[in-house]
Amino acid sequence: MKFTVLALLLSPFLFAQTQYPKDYFRPPLDIPMQLSGNFGELRPNHFHAGFDLKTNQKEGLNVYAIADGYVSRIKISTFGNGKCIYITHPNGYTSVYGHLQTTVGPIQDYVKKTHYEQKAYEIEMFPKPDELPVTKGQLIALSGNTGSSEGPHLHFEIRDTKTEFVINPIFFGFDQNIKDTKKPTLSSLYVYPLDNATVNQSKQPLLVNMTLQKDGTYLAAKVKANGKIGFGINAVDTDDVSFNKNGVFNVSTFLNGNQNYNYQFNTYSFDEMRFINAFIDYPRYKKTSQRVQKLFMKTPFALSIIKTDSLRGIITPEPNLASTYRIEVSDYFGNQNSITVPIEYDTETPIVPSEPVTSKYFVRYNRDSNFEKDNMSVFFPAGTFYEDFNMNFDVKNNKVYIHDDTVPVHSNFTITIKDTLYPESLRDKLYIGKGTSYNGTIRKGDVFTAKAKVLGQYGLVLDTIAPVIKITKPVEGKWISDQKKIEFTIGDSLSGIKSYNGYLNGSWVLFEYENKNRKITHTFDDQYLTEGENFLKIEVVDNVGNSTIFETHFFRSQQK
């Protein structure tokens, strides 16, 4: 990582322009391309890895292979991209299609066979190159709303097959399908005093007023500072037809005409995704849901889209020397907006002091740290955090208090709790939770260990409550020959559902799970039905082993 950060700091500001094929791929849908999300858009804990393509607010649109190739991976998940297909192309790229309603044709046959072989809904498959070949324009799936999708759309990516870096799809000729004559929108500018600096008589971050100029650019109010400062912006981009507030493509900053910070959303790896929490003003985001993009690095972090000098975008005003700072924000099509900020050195006494430090502990981001009190401890490996910070830590009322979630966490830390309250007979029903939310917990005797990625209050949670199963439309003792599906709602109030299984006449059958509405659905298959009476059993198990079984019977005629 040290080499990566050094390379990032010393690299030139010009991005290498890879020559991507412009006419090799076709669009994955046969309706006009409209974006509900673009590449690099700021999302919780990650940058968006592709395009979100609108599907007219409905499911079931045809999804096509964008070029010849073969299906190299299929993943069916209740989270993330939901039902997802990966196609490897002979030109070195892989296309990805997510949130699908269903795969079709030979791909669906392959998926269904694997479901039943593994007796599971959530599966991942890696077909060989000769198993599922596809041709350009071949129907491969229907669009949907599965996984973590918040509405019907198609998630679409292009990756480098060898490195698995995601690449902005706009480079592959898809700019021809998008009309964009609109400049990015700059809604706010913030200035940050660093290392006990003062800015406009404040030792806390400030919103800077901006005035719209006749040429469409912005002039900021004068910033007077003593010590090191940095800036941040709230910026979005729109195009002519989608109307969504999407992410910006390129941001460059200049101090007295010299470029000192730049980022551009061309390509990056999945290992870099979580650096978004260092890229934005994370405490402000947690408090206000506003993602301010910082234009400086207080502590270096290895996000390859950023190019900067050795000062990392940090500015130190000098006595008797006025400076001009300019921020330029542009989209892929060259539409640009900018802010000019006059900066002066200042010696006035601060009026607004720094936020008081009430914590007793100090954590260095690049060192291991261990905190222990009573029967609880927390271990932070080096690299858990992005910056040094003052941390609150305490144990009281059988809870461990680990600061709060306004400080971002990059990688897992370990919580260990020795139980002193519960009898041995209940310990298998305990887990470590933030509130009641479940963290994967390992038990050894009376010692419990879990990994976490969010600061806050943790403790042991006792879960003796079994999951709940409810049938949507009762079928007990009924003839349901014309019914194509059967549906249940499943849920668990504490540790959460670990597994569910359905059995029809003693045979395992596939139930698809939609996490957003907690519904499991089975589409009837004559192969598992019998003429007359049929018996159905559903078993649901939570994360500490509590289970519930639902049984029913119904009648069905196989005659058409």
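Start by selecting Lys 83, which lies in strand S7, residues 83-88. The model on screen is a predicted one. Is Lys 83 buried or exposed? Lys 83 counts as buried because its relative accessibility is 6%, and the cut-off for buried is under 20%.

Next, show what surrounds this lysine. Neighbours within four places in sequence are left aside here. The remaining contacts of Lys 83 include Lys 75, Ile 76 and Ser 77, then the run Tyr 97, Gly 98, His 99, Leu 100, Gln 101 and Thr 102. Tyr 121, Thr 146 and Glu 512 are also in contact with Lys 83.

**From Lys 83 to the core**

Keep Tyr 97 selected. This contact of Lys 83 is also one of the residues that touch the most other members of the largest nonpolar core, which has 108 residues. Add Ile 140, Phe 231, Ile 233 and Phe 279, which complete that group. Now select strand S20, residues 229-236: the largest share of this core, four residues, comes from S20.

Move to Phe 279. Which residues is Phe 279 in contact with, leaving aside its neighbours within four places in sequence? Colour them in three steps:

- Leu 42 and Phe 47, with Tyr 263 and Phe 265.
- Val 292, Gln 293 and Lys 294.
- Phe 301, Leu 303, Ile 305 and Ile 306.

A second core, separate from this one, has 25 residues. To find it, select Met 376, Val 409, Phe 413 and Leu 455, which are among its members.

**An open sheet**

Select strands S43, S42, S46 and S47. In that order they form an open sheet of four strands, with antiparallel pairing. Why do S43 (507-509) and S47 (547-556) each have one side without a neighbour in the sheet? Both strands stand at the edges and have a single partner strand each, so one side of each stays unpaired in the sheet. From one strand to the next, the twist averages 30°.

Within this sheet, look at S42 (residues 497-504) and S46 (residues 532-542). The two run antiparallel and are joined by seven bridges. To see one facing pair, select Tyr 500 and Val 540: Tyr 500 stands opposite Val 540 in S46.

**The whole chain**

Zoom out and colour by secondary structure. The chain has four helices and 47 strands. Its C-alpha atoms fill a box of roughly 95 × 65 × 40 Å along the principal axes. Of the 560 residues in the chain, 50% are buried. Switch to a surface view to finish: the chain exposes about 26500 Å², and carbon and sulfur atoms supply 50% of that area.

Note on methods: Residues are numbered from 1 along each chain as its sequence is written. This is a predicted model: local features need pLDDT of at least 70, side-chain atom pairs count only at pLDDT 80 or more; totals for chains, interfaces and linings use all residues. Side-chain values use heavy atoms; hydrogens and water are left out. A nonpolar core is a set of buried Ala, Val, Leu, Ile, Met, Phe, Trp, Tyr and Cys residues joined through side-chain atoms within 4.5 Å. Buried means under 20% relative accessible area, exposed over 50%, partly exposed in between (1.4 Å probe, protein chains only). Contact means heavy atoms within 4.5 Å. Two strands pair if DSSP finds at least two bridges between them. Axes are lines fitted to C-alpha atoms, for helices over the stretch in contact, and angles run from 0 to 180 degrees between N-to-C directions. Accessible areas come from the Shrake-Rupley method with a 1.4 Å probe; for residues, only the protein chains shown count as cover.
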